[in-house]
Amino acid sequence: MLPKGFSQAPSRDSYDVVIIGGAIMGSSLAWWLTESADFDGSVLVVERDPSYLWCSTAHTNSCIRQQFSTELNVRISQFTAEFIKNLRANMGGDERVPNLSVQDYGYLYLADTEAFADVLRANQKVQLAAGAETRLLTPDQIAAAYPFYDLDGIVLGSINTRDEGYWDGGTLFEWFRRKAQARGVEYVQGEVTAMTRTGGRIDSVTLASGDTIACGQVVNAAGPRAAGVAAMAGLHLPVEPRKRYTWIFTAETPLDRELPLTIDPSGVHVRQDGPTTYLAGSKGDPDPAADPGDFHMDHGLWENHVWPVLATRIPQFEAIRIVTEWTGHYAYNTLDQNAVLGPHPEVENFLFMNGFSGHGLQQSPAMGRGLAEWITHHEYRSLDLTPFSYARVAAGEAMVEGAVI
Ligand SMILES: Cc1cc2nc3c(=O)[nH]c(=O)nc-3n(C[C@H](O)[C@H](O)[C@H](O)COP(=O)(O)OP(=O)(O)OC[C@H]3O[C@@H](n4cnc5c(N)ncnc54)[C@H](O)[C@@H]3O)c2cc1C
């Protein structure tokens with residue numbers, strides 16, 4: 001049976017906007033289009049898996065941070081924090097829509113080399129200039145605030161405890177989708193398997209069912225499968241599925257205060273989850289492109305790498321018990337770990353909404369708003385998101401995000 005709000009087949013054979021992928025990015029865009037007073041076009045969202053069991057949105061760690069290395073990414077997260085805290089008003093005052101809070105225990109980056117400490121110092125300047133509240137902490141200051149760490153080898157930390165930590169991204173996704181559906185955006189179960197292109201225009205998309213849908217604009221919001229969707233249009237997109245592993249665990253002796261999202265120099269990160277549970281995350285080593293349908297856990301990674309790192313950094317984590325675990329995929333932009341947003345320079349009605357590389361959940365409100373502005377007005381009107389355009393990909397010019405987890 002199809003979930004509520006989905007249909008089996010499109011009701012028409014032509015739409016102004018066809019969005020491929022209806023998880024948080026596709027649904028954010030759909031909702032923002034319905035918000036625009038100047039847009040009255042028809043919108044179809046095509047989603048291959050309406051259960052949403054296998055998308056990145058369902059496997060996220062759902063955190064937000066201000067500690068980025070580029071001002072634009074800081075501004076994007078600031079917008080998200082304000083947007084979600086006022087979600088009800090932003091969604092028209094509907095009493096069913098909650099305001100969301102940020103559990104802002106902060107991200108604590110730990111540097112064990114002077115070179116990385118310099119990166120944290122440089123990032124802090126960018127963040128402060130953008131209005132964030134990042135603080136640099138010496139090892140003594142870290143020990144005073146969080147006595148549970150073993151700080152052997154650590155030379156500096158950086159933390160920001162305003163609008164940085166856990167938030168409920170799943171609820172935001174739910175309301176983007178429900179509200180878009182209620183306002184007439186059609187969600188259909190189906191997989192886009194092909195496109196027809198005439199020169200610099202996509203004419204139509206074809207679904208696995210055989211249906212062919214003509215489109216004014218087509219949006220690639222296919223998450224880790226984005227490169228395959230771009231290839232259907234004859235376009236190259238350097239975005240790969242990369243597996244990211246998550247474990248939830250309890251500790252025999254819980255910490256006496258909230259654990260910030262701690263980014264160990266090894267790359268392993270760990271944060272408070274529930275009152276007495278913790279969440280740890282890691283990539284594999286090596287970290288190759290994966291099949292987007294591969295959800296196998298790597299148990300050796302926990303035993304041989306993640307747990308030893310945790311127990312060294314936080315000795316109380318010597319005695320812990322895994323409660324649950326999962327793996328999901330980053331849509332990893334191999335050029336610069338940043339979003340690719342907006343039209344292809346030569347195929348202008350093919351729009352990217354891709355490559356969020358592990359920070360897409362928190363970027364979904366600004367990306368949806370920006371792309372809706374572009375579709376409606378052919379320009380960004382609130383935040384200028386031009387730096388994310390495909391032009392840099394074509395030119396091979398990285399807009400490096402130096403603070404990727
Ligand atoms: C382990 C992990 C932890 C993360 N932690 C964070 C975090 O703390 N903070 C943060 O901001 N971000 C985080 N992220 C990243 C965030 O989850 C993603 O950036 C975000 O969910 C991407 O949303 P999306 O809609 O682009 O992609 P997805 O959620 O993957 O959605 C894409 C959708 O497209 C559909 N689709 C694909 N191909 C087709 C097709 N051909 N036809 C029809 N439909 C198609 C899929 O079924 C899917 O539903 C994390 C990701 C992972 C994996």
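Here is a short back-and-forth on a predicted model, covering some salt bridges and the ligand.

User: Why is the pair Arg75 and Glu71 called a salt bridge?
Analyst: The cut-off is a side-chain nitrogen of Lys or Arg within 4 Å of a carboxyl oxygen of Asp or Glu. In this pair the closest N and O atoms are 2.9 Å apart, so Arg75 and Glu71 qualify. They sit four residues apart in helix α2 (residues 71–85), which means about one helical turn separates them.

User: What makes Glu82 and Lys85 a salt bridge?
Analyst: Their N to O distance is 3.9 Å, and the limit is within 4 Å, so the pair counts. These two are three residues apart in helix α2, again about one helical turn.

User: Why is Glu82 called partly exposed?
Analyst: Buried means under 20% relative accessible area and exposed means over 50%. Glu82 has 40%, so it falls in between. Lys85, at 31%, is partly exposed as well.

User: How do you know that Cys63 makes a polar contact with the ligand?
Analyst: A polar contact needs a pair of N or O atoms within 3.5 Å. A backbone N or O atom of Cys63 lies 2.9 Å from an oxygen atom of the ligand, so that pair passes. As for cover, the protein takes up 95% of the 1000 Å² of accessible area that the ligand has on its own.

User: What makes Val192 a polar contact of the ligand too?
Analyst: One of its polar backbone atoms is 3.0 Å from a nitrogen atom of the ligand; with the cut-off at 3.5 Å, Val192 is in.

Conventions. Residues numbered from 1 in each chain as written. Predicted model: local features only at pLDDT ≥ 70, side-chain atom pairs only at ≥ 80, totals over all residues. Heavy atoms only, no water. Polar contact = N/O pair within 3.5 Å; in protein donor to acceptor, adjacent residues only side chain to side chain. Areas by Shrake-Rupley, 256 points an atom, 1.4 Å probe, with all protein chains shown as cover. Buried < 20%, exposed > 50% of the residue type's maximum accessible area, 1.4 Å probe, protein only.
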